[in-house]
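Work through these exercises with the coordinates open. Each task is followed by a solution in steps.

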Amino acid sequence: MTLATLSEVLQPASRDGYAVPGLVCLGWEDMRAYAMAAEAERAPVILQAGPSCRRHTPLPVLGKMFRHLADSIDVPVVAHLDHGYTLDECREALESGFTSLMFDGSRKPLAQNIEETAQVAAMAHAAGISCEGEIGFVGYSGGEGSAGTDPKEAAIFARDSGVDAMAISVGNVHLQTDHEGGLDEARIRMIEAVTEVPLVIHGGSGVPYPQRLALSTGSKIAKFNIGTELRMAFGAALRSAINADLARFDRIAILNETHAPVMEAARAVIRGLGANGRA
């Protein structure tokens with residue numbers, strides 16, 4: 001088994017100058033393609049179960065799926081809960097075999113965010129797994145705006161919450177379908193100056209490719225979450241497969257045609273973070 005904790009993959013990334021992809025999973029077809037992409041690129045990978053995924057697949061099932069994939073390849077695989085909003089949800093993920101818990105208290109006042117995140121971190125560490133927290137709300141394209149992380153608050157949060165990785169809001173946006181935004185590198189440098197915790201970028205699909213690589217190799221950002229651009233690759237492949245033969249109805253035959261395009265898109269993400277050849 002190549003199952004790993006978040007700390008086990010992020011600490012080498014921070015030390016050696018690359019970032020590990022946190023790939024957002026929605027079902028078996030994409031998570032399998034991600035695992036095979038990681039093996040092909042000899043890279044560690046973080047398989048993430050976010051709220052959308054959990055709405056249709058229970059955490060105990062997802063835990064078994066992630067662990068099965070970790071068993072089937074020989075590079076490090078992190079089974080990661082993304083955007084857990086309650087202690088109970090995080091506990092269920094832990095009990096379901098996840099090796100990393102991300103608690104999202106970013107909408108809450110600083111003191112409350114620290115207190116609740118620290119509870120999740122303590123629970124995770126007692127079980128020998130990792131915890132990620134978020135300081136500074138990261139918004140959504142066409143929806144809530146991002147708050148922006150205050151470097152002073154980031155220093156307090158990193159010190160008092162006990163997290164192994166810290167997600168920050170520096171111009172990143174969830175669900176962005178283009179790469180024209182760019183991150184606030186001056187704010188990133190201010191945050192780096194006051195904490196040693198590996199940093200995480202949510203909404204990584206919207207970050208221009210050159211900036212992704214530059215920050216992966218030249219900053220404390222050790223994890224980029226990538227979902228939207230991989231969903232787009234899956235959707236395009238699925239649409240093409242259906243349109244090629246409108247009479248076809250066998251879901252297995254149709255979904256099989258998504259595997260190669262999604263795997264190649266995931267391989268490109270891995271290479272774009274400098275993670276290839278690191279496992």
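**Exercise 1. Classify the packing of α10 and α11 by direction.**

Solution. This is a predicted model.
- Step 1: take the angle. Helix α10 (residues 228-244) packs on α11 at about 150°. The two axes lie 8 Å apart.
- Step 2: apply the cut-off. Angles over 145 degrees count as roughly antiparallel. Therefore α10 and α11 are roughly antiparallel to each other.
- Step 3: give the hand. The α10 and α11 crossing is right-handed.
- Step 4: list the contact. From α10 come Glu 229, Leu 230, Ala 233, Phe 234, Ala 237, Leu 238, Ala 241 and Ile 242. From α11, the contributors include Ile 254, Leu 255, Pro 261, Val 262 and Val 269.
- Step 5: sort by class. The contact of α10 with α11 holds 14 nonpolar, 1 polar and 2 charged residues.

**Exercise 2. Do the same for α2 and α11.**

Solution.
- Step 1: the helices are α2 (residues 28-41) and α11 (residues 251-272). Their angle is about 45°, and their axes are 8 Å apart.
- Step 2: that angle makes α2 oblique to α11. The roughly parallel class needs an angle under 35 degrees, and the roughly perpendicular class runs from 65 to 115.
- Step 3: α2 and α11 cross in a right-handed sense.
- Step 4: in α2, the contact residues include Glu 29, Arg 32, Tyr 34, Met 36 and Glu 41. In α11, the partners include Asn 256, His 259, Met 263, Arg 267 and Arg 271.
- Step 5: the contact of α2 with α11 divides into 11 nonpolar, 3 polar and 5 charged residues.

**Exercise 3. Classify α8 against α9.**

Solution.
- Step 1: helix α8 (residues 185-192) and helix α9 (residues 209-218) have axes 13 Å apart. The angle is about 15°.
- Step 2: this value makes α8 roughly parallel to α9.
- Step 3: the crossing of α8 and α9 is right-handed.
- Step 4: Glu 185, Ile 188 and Arg 189 of α8 meet Gln 211, Leu 215 and Gly 218 of α9.
- Step 5: by class, the α8 and α9 contact has 2 nonpolar, 2 polar and 2 charged residues.

**Exercise 4. Find the aromatic pairs and name their geometry.**

Solution.
- Step 1: count. Ring centres must lie within 6.5 Å. The count comes to 2 aromatic pairs.
- Step 2: take Phe 66 and Phe 98. Their rings are 5.7 Å apart, centre to centre, with 70° between the planes. The pair is edge-to-face, because planes over 60 degrees apart fall in that class.
- Step 3: place the two rings in the chain. Phe 66 sits in helix α4 (residues 59-72). Phe 98 sits in the loop between α5 (87-95) and β5 (100-103). The residues are 32 apart, and the pair links distant parts of the chain.
- Step 4: check burial. Phe 66 and Phe 98 are both buried.
- Step 5: take Phe 137 and Tyr 140. The ring centres are 6.4 Å apart and the planes stand at 45°, so the pair is tilted.
- Step 6: compare exposure. Phe 137 is buried, at 8% relative accessible area. Tyr 140 is partly exposed, at 24%. The cut-off for buried is under 20%.

**Exercise 5. Which non-glycine residues, Arg 42 and His 83, have what phi? Buried or partly exposed?**

Solution.
- Step 1: Arg 42 is not a glycine, yet its phi is positive, about 55°. His 83, also not a glycine, has a positive phi of about 55°.
- Step 2: Arg 42 lies in the loop between α2 and β3 (45-49). His 83 is in strand β4 (residues 77-84).
- Step 3: Arg 42 is partly exposed, with a relative accessible area of 29%. His 83 is buried, with 5%.

**Exercise 6. Describe the surroundings of His 125.**

Solution.
- Step 1: His 125 belongs to helix α6 (residues 110-126).
- Step 2: His 125 is partly exposed, with a relative accessible area of 37%.
- Step 3: leave out residues up to four places away in sequence. His 125 then touches Cys 131, Gly 162 and Asp 164.
- Step 4: compare sequence and space. His 125 and Phe 224 are 99 residues apart in sequence. Their C-alpha atoms are 23 Å apart.

Methods
Residues numbered from 1 in each chain as written. Predicted model: local features only at pLDDT ≥ 70, side-chain atom pairs only at ≥ 80, totals over all residues. Heavy atoms only, no water. Axes fitted to C-alpha atoms, helices over the stretch in contact; angles between N-to-C directions. Helix = DSSP H or I, 4+ residues; strand = E, 2+ residues; numbered from the N terminus. Left-handed = near helix turned anticlockwise from the far one by under 90°. Contact = heavy atoms within 4.5 Å. Nonpolar A, V, L, I, M, F, W, Y, C, P; charged D, E, K, R; others polar. Phe/Tyr/Trp six-rings, centres within 6.5 Å; stacked < 30°, edge-to-face > 60°. Buried < 20%, exposed > 50% of the residue type's maximum accessible area, 1.4 Å probe, protein only.
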